[in-house]
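Student: Could you take me on a close look at one part of this protein? I'd like to start from a single residue and work outwards.

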Amino acid sequence: MTGDTPQGTGVGRDVLAASREARRQGDVLAAAGRVFRAKGLANATMADIAAELGVSKVVLYRRFPSKEALVEALSDPAVDMVKFEK
C-alpha cells in the first residue's frame with residue numbers, strides 16, 4: 001500500500017518547503033539585524049544586507065520590497081525567537 005494514497009504524497013514536501021522558507025526568512029532577518037547594528041538603521045542599505053547574506057539585491061527585494069518592510073518584520077514579536085548572532 002505504500003504510495004497508493006495520493007492525499008499523503010505532497011504533505012512531507014510541503015512541510016519541508018515551509019521549513020526551508022522559514023529558515024531563509026530567519027537568515028535574512030538575522031543579516032538585517034547584524035547590518036542595522038553595525039551601520040545604524042539610517043546608514044544601512046539593502047545592498048549592505050544583500051552583501052551580508054551573499055546574495056544579489058534582486059534576491060533580497062523578492063523577499064522584502066523595502067528596508068522599511070525589513071524593519072517592520074524585525075519588529076514583529078514573532079521574530080523575537082530569531083537569533084541575530086551567528
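Student: Which helix does Gln25 lie in?

Tutor: Gln25 lies in helix H1. Before we zoom in, keep in mind that this is a predicted model: local features need pLDDT of at least 70, side-chain atom pairs count only at pLDDT 80 or more, and totals for chains, interfaces and linings use all residues. Residues are numbered from 1 along each chain as its sequence is written, and side-chain values use heavy atoms, with hydrogens and water left out.

Here's the setting. The protein chain has four helices and zero strands (DSSP runs numbered from the N terminus, helices being H or I with at least four residues and strands E with at least two). From the N terminus, then, the order is α-α-α-α.

Now back to Gln25. With a relative accessible area of 27%, Gln25 is partly exposed (buried means under 20%, exposed over 50% and partly exposed in between, using a 1.4 Å probe and protein chains only). Setting aside neighbours within four places in sequence, Gln25 is in contact with Arg63 and Phe64 (contact means heavy atoms within 4.5 Å). Take Arg63: it sits 38 residues from Gln25 in sequence, yet their C-alpha atoms are 8.0 Å apart. Long jumps like that show up across the chain: among contacts between residues at least 6 apart in sequence, 54% join residues at least 24 apart.

Let's widen the view to H1 itself, which covers residues 11-39. From its first C-alpha to its last, this 29-residue helix reaches 42 Å, close to the 42 Å expected at 1.5 Å a residue (the expected span is 1.5 Å times one less than the number of residues). Just after H1, Gly40 takes a positive phi of about 90 degrees. The buried residues of H1 include Gly26, right after Gln25 in number, as well as Val28, Leu29 and Phe36. What do they pack against? Helix H2 (46-53), helix H3 (57-63) and H4.

H4 is worth a closer look. H1 and H4 (residues 67-74) pack at about 105 degrees, with their axes 10 Å apart (axes are lines fitted to C-alpha atoms, for helices over the stretch in contact, and angles run from 0 to 180 degrees between N-to-C directions). That makes H1 roughly perpendicular to H4, the label for 65 to 115 degrees (under 35 is roughly parallel, over 145 roughly antiparallel, the rest oblique). Val28, Leu29, Ala32, Gly33 and Phe36 from H1 meet Lys67, Leu70, Val71, Ala73 and Leu74 from H4. By type, the residues of this contact are eight nonpolar, one polar and one charged (Ala, Val, Leu, Ile, Met, Phe, Trp, Tyr, Cys and Pro count as nonpolar; Asp, Glu, Lys and Arg as charged; the others, Gly among them, as polar).

Within H4, the buried residues are Lys67, Ala69, Leu70, Ala73 and Leu74. Looking down the axis of H4, they fall within an arc of 160 degrees, so they line one face of the helix (the arc is that of the directions from the axis to the C-beta atoms). H1, H2 and H3 are among what covers them. On the other side of H4, Glu68 and Glu72 are exposed. Glu68 has 55% relative accessibility, and its C-alpha is 9.8 Å from that of Leu41, 27 residues away along the chain.

H2 does something you'll recognise. Its buried residues are Met46, Ile49 and Ala50. Down the axis of H2, they fall within an arc of 100 degrees, so they line one face of the helix. Their cover includes H1, H3 and H4. Just after H2, Gly54 takes a positive phi of about 80 degrees. Over the whole chain of 86 residues, 26% are buried.
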